[in-house]
Amino acid sequence: LWIIGWQWAVPRERIPQSIVPDPQRHAPAPEWRPGRWEPTPASDQWQLGALAFLALTGEAPPHEDVPPVRLLRPDVPTSVAEVVDRALARDPAARYRSVTAMVRALDRGIAYRTPLLGGG
């Protein structure tokens, strides 16, 4: 997760190859060309959504046609599943406007389901 955001601090060509995600072990964002790490704010969101998908389902999302989280885990609250599903949208324009907006929506979804955190 620390790469998200940090990668914008230096020119891409100065990022050491050893810290570039391995496409064989990390699900690439659908807009990336095969075998290329091409980070954007939208692909960062997709990567964060992919980590949430993995944490919830135990499986990495496929590169294309990501199934809805609730299809694999019906017990996941709808408010949380909707955030993850939107972050994993094929079209980057259909995702949240930023990672911050995504995290805030996720926080609201979790707080709504957890009375101790101030939700209903």
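**Close-up views of a predicted model**

**View 1. Arg-86 sits over the face of Tyr-96.** The distance to the ring centre is 3.9 Å. The model is predicted. Aromatic rings are a separate matter here: the count of aromatic pairs is zero. A pair would need ring centres within 6.5 Å.

**View 2. The buried residues of helix α4 share one side.** Helix α4 spans residues 78–87. Its buried residues are Val-80, Ala-81, Val-83, Val-84 and Ala-87. They lie on the same side of α4 because they cover an arc of only 160 degrees around the axis. In an α-helix there are 3.6 residues a turn, so residues three or four places apart point the same way.

**View 3. Gln-45 is a buried residue of helix α2.** Helix α2 runs over residues 41–57. Gln-45 has 1% relative accessibility, so it counts as buried. The cut-off for buried is under 20%. Leaving aside residues up to four places away in sequence, Gln-45 touches Ala-87, Arg-95, Tyr-96, Ser-98, Val-99 and Met-102. Two of these partners appear in the views above: Ala-87 is among the buried residues of α4, and Tyr-96 has Arg-86 over its face.

**View 4. Gln-47 also lies in helix α2.** Is Gln-47 buried or exposed? Gln-47 counts as buried, because its relative accessibility is 16%. Its contacts are Ala-27, Pro-28, Ala-29 and Trp-32, again without residues up to four places away in sequence.

Methods. Residues numbered from 1 in each chain as written. Predicted model: local features only at pLDDT ≥ 70, side-chain atom pairs only at ≥ 80, totals over all residues. Heavy atoms only, no water. Phe/Tyr/Trp six-rings, centres within 6.5 Å; stacked < 30°, edge-to-face > 60°. Lys NZ or Arg CZ within 6 Å of the ring centre and 35° of its normal. Buried < 20%, exposed > 50% of the residue type's maximum accessible area, 1.4 Å probe, protein only. Helix = DSSP H or I, 4+ residues; strand = E, 2+ residues; numbered from the N terminus. Arc of directions from axis to C-beta. Contact = heavy atoms within 4.5 Å.
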